[in-house]
Amino acid sequence: MNRSWSPIVALAVGLLMAAPRASAQTSAPPSDAPAPRPDQRYAWLTLTNLPPLEVFMLAATNATSESDDWPDWSRRMRRAAWVPRLEVRYGIGEQGLRRYGIVNRPVEGLDSYGIGDEPEWLNTWEVGLVWDFSQRLFRPEEIDVRRARLEAERVRLDREAAETDLRSRVILAYYELVEALRLLQMETYRDSVPTWIRKERAAATLDDLTRGALSRHAPKPPNPR
């Protein structure tokens, strides 16, 4: 049996064996491809010009102060009970009117007797002053006042918890930024792209938490002449 391949079959086998090598060569990235560059918004930032932590803590603190003082509602409510209310009433309606007759009895004198009922329309106005001394002990508004005080206390506790959480996040972002800046001072990490990105991430987080306090300390470009 002749085991030699024909020239056409040998050519086909050679092309199939060379195809993977050609595909691998074309898919391999060139060795001189540029490395990705990190964001340059905070390229100016180093350990020497990084503001102290107190600057960011002050920026993160809510400067608006809300008074939790409540007026002396009890005393004012009790005194208000002495103030009368002026009430004006108007009434219109119908009621029965009994008519009487007068008779002079010789022995008993004058006497009266009913002679019938007739309807009568009423149209009256009334003006008066009314005191409600029960409000010296309890006023309906006190329920609303108590409810408002409870809601104010809940809001105050939520605000304090949010401020505490914000201060903690600012501290974490600040010292993560300090660590990244210290690493970039070392020869080993000076050109490390992950370390540069770590610096950018911590700086952006700190800037976002403090509403741009870090960006406000960036050096201003020189004025063109």
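This report walks through the fold, the core, the surface and the salt bridges of one predicted protein model.

## How to read the model

Because the model is predicted, local features need pLDDT of at least 70 and side-chain atom pairs count only at pLDDT 80 or more, while totals for chains, interfaces and linings use all residues. Residues are numbered from 1 along each chain as its sequence is written, and side-chain values use heavy atoms, with hydrogens and water left out.

## The overall plan

Let's start with the whole chain. The protein has five helices and two strands, arranged along the sequence as α-α-α-β-β-α-α. Here helices (H or I, at least four residues) and strands (E, at least two) are DSSP runs, numbered from the N terminus.

Of the 225 residues, 19% count as buried. Buried means under 20% relative accessible area, exposed means over 50%, and partly exposed lies in between (1.4 Å probe, protein chains only). The protein exposes about 18,100 Å², with carbon and sulfur atoms supplying 58% of it. Accessible areas come from the Shrake-Rupley method with a 1.4 Å probe, and for residues only the protein chains shown count as cover. Among the contacts with a separation of 6 or more, 73% are between residues 24 or more positions apart; a contact means heavy atoms within 4.5 Å.

## The nonpolar core

Now look inside. The largest nonpolar core has 20 residues, and those with the most contacts inside it are Leu-45, Leu-50, Leu-177 and Leu-214. Two or more residues each come from α2 (53–60), α4 (141–184) and α5 (193–209), and α4 gives the largest share, six residues. A nonpolar core is a set of buried Ala, Val, Leu, Ile, Met, Phe, Trp, Tyr and Cys residues joined through side-chain atoms within 4.5 Å. In soluble globular proteins, nonpolar side chains tend to be buried together.

Leu-45 is a good residue to find in the viewer. Leu-45 sits in the loop between α1 (7–27) and α2, and is buried, with a relative accessible area of 2%. Setting aside neighbours within four places in sequence, Leu-45 is in contact with Leu-50, Leu-177, Leu-181, Lys-199, Ala-203 and Leu-214. Its C-alpha atom is separated by 9.4 Å from that of Pro-219, 174 residues apart along the chain. Leu-177, with the same kind of neighbours left out, touches residues including Leu-50, Ala-202, Leu-206 and Leu-214.

## A helix with two sides

Helix α2 has four buried residues: Leu-53, Phe-56, Met-57 and Ala-60. Seen down the helix axis, these residues fall within an arc of 100 degrees, so they line one face of α2. The arc is taken from the directions from the helix axis to the C-beta atoms. What covers the buried residues includes α4 and α5, whereas Glu-54 and Leu-58, on the other side of α2, are exposed.

## A nonpolar patch on the surface

Some nonpolar side chains lie on the surface. A nonpolar patch of about 1,400 Å² is made by residues including Trp-82, Leu-86, Tyr-90, Trp-121, Trp-125 and Phe-133. Patches are made of residues with over 30% relative accessible area and no salt bridge; like charges are joined within 9 Å, and nonpolar side chains (Val, Leu, Ile, Met, Phe, Trp, Tyr) within 5 Å.

Strands β1 (85–105) and β2 (109–130) each supply at least two residues of this patch. One patch residue, Leu-86, is found in β1 and is exposed, with a relative accessible area of 60%.

## Salt bridges

The model holds 10 salt bridges, each being a side-chain nitrogen of Lys or Arg within 4 Å of a carboxyl oxygen of Asp or Glu. In helix α4, Arg-156 and Glu-153 form one with closest N and O atoms 2.4 Å apart. Being three residues apart, Arg-156 and Glu-153 are separated by about one helical turn. Shared partners join Arg-85, Glu-87, Arg-89 and Glu-126 into one network.

Within that network, Glu-87 bridges to Arg-85 (3.3 Å, N to O) and to Arg-89, with closest N and O atoms 2.6 Å apart. Glu-87 is partly exposed at 21% relative accessible area, as is Arg-89 at 44%.

## An unusual backbone angle

Most residues other than glycine have a negative phi. Arg-211 has a positive phi of about 55 degrees although it is not a glycine. Arg-211 lies in the segment after α5 and is exposed, with a relative accessible area of 76%.
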